[in-house]
Amino acid sequence: MAKFLGTILIILLFLICSPLLPIKNLPRFFIVTSGSMEPLVKSGSLALTKNINPSSLKIGDIVAFSSPANPEDTVLHRISSIKSTTPLRFSTKGDNNQDEDTWDLVEGGIKGKYLFSLPYLGKIIAFIQTLFGFILVICLPALIIVVNQILKINKTVKILLPLLFILFFSLLIPSKNIRALYSST
């Protein structure tokens, strides 16, 4: 049980931290917070993207990119046209939106190409990122694992403690010198 909980905790921590990692070749997960790509990608999903050379992108590809309105936000939209190749600029549009986006996407803002999404998992990750969620989902199971290990150690100590006590005090009791005689025939 403890190994299972530990594995789940490590996976959850990776999912939460993957967008913050400075390594570009790792797949990255993003929480989809709007319905602009529905029905393909539902709001509340966890979207997986991979790093890609922007020059290999084509019309119809779905990409994650920094929002021009707020660079800390990530947008997941489909490339609707390639405006220029030098410098590389794209037009994007959400599948559920009527109009194309009002901005041009430049290659430096692209965070990755969409691979797939896991419905509803984004809502769980978003909950875990709150203080209450972190305490409930990460700290509480970690505390259970630690207490479980302490109890196992405590059981072992309760068994060994009397033996160690006897051994320690037997060394303190003065004893008479005993000689052993070895003879060979």
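**Exercise 1. State where V137 lies and which exposure class V137 belongs to.**

Solution. V137 is part of helix 3, residues 131–172; helices (H or I, at least four residues) and strands (E, at least two) are DSSP runs, numbered from the N terminus. The model is predicted: local features need pLDDT of at least 70, side-chain atom pairs count only at pLDDT 80 or more, and totals for chains, interfaces and linings use all residues. Residues are numbered from 1 along each chain as its sequence is written, and side-chain values use heavy atoms, with hydrogens and water left out.

Next, compare the accessibility with the cut-offs: buried means under 20% relative accessible area, exposed over 50%, partly exposed in between (1.4 Å probe, protein chains only). V137 has a relative accessible area of 22% and is therefore partly exposed.

**Exercise 2. Classify the aromatic pairs found in the whole structure.**

Solution. The search finds two aromatic pairs. Rings of Phe, Tyr and Trp (its six-membered ring) pair if their centres lie within 6.5 Å; planes under 30 degrees apart count as stacked, over 60 as edge-to-face and the rest as tilted.

Step 1: F65 and W103 have ring centres 6.4 Å apart and planes at 65°, an edge-to-face pair. F65 belongs to strand 3 (residues 62–66), whereas W103 sits in the loop between strand 5 and strand 6, 38 residues apart. F65 is buried at 0%, while W103 is partly exposed at 24%.

Step 2: F127 and F132 are also edge-to-face, with 6.0 Å centre to centre and 75° between the planes. F127 is partly exposed at 34%; F132 is exposed at 57%.
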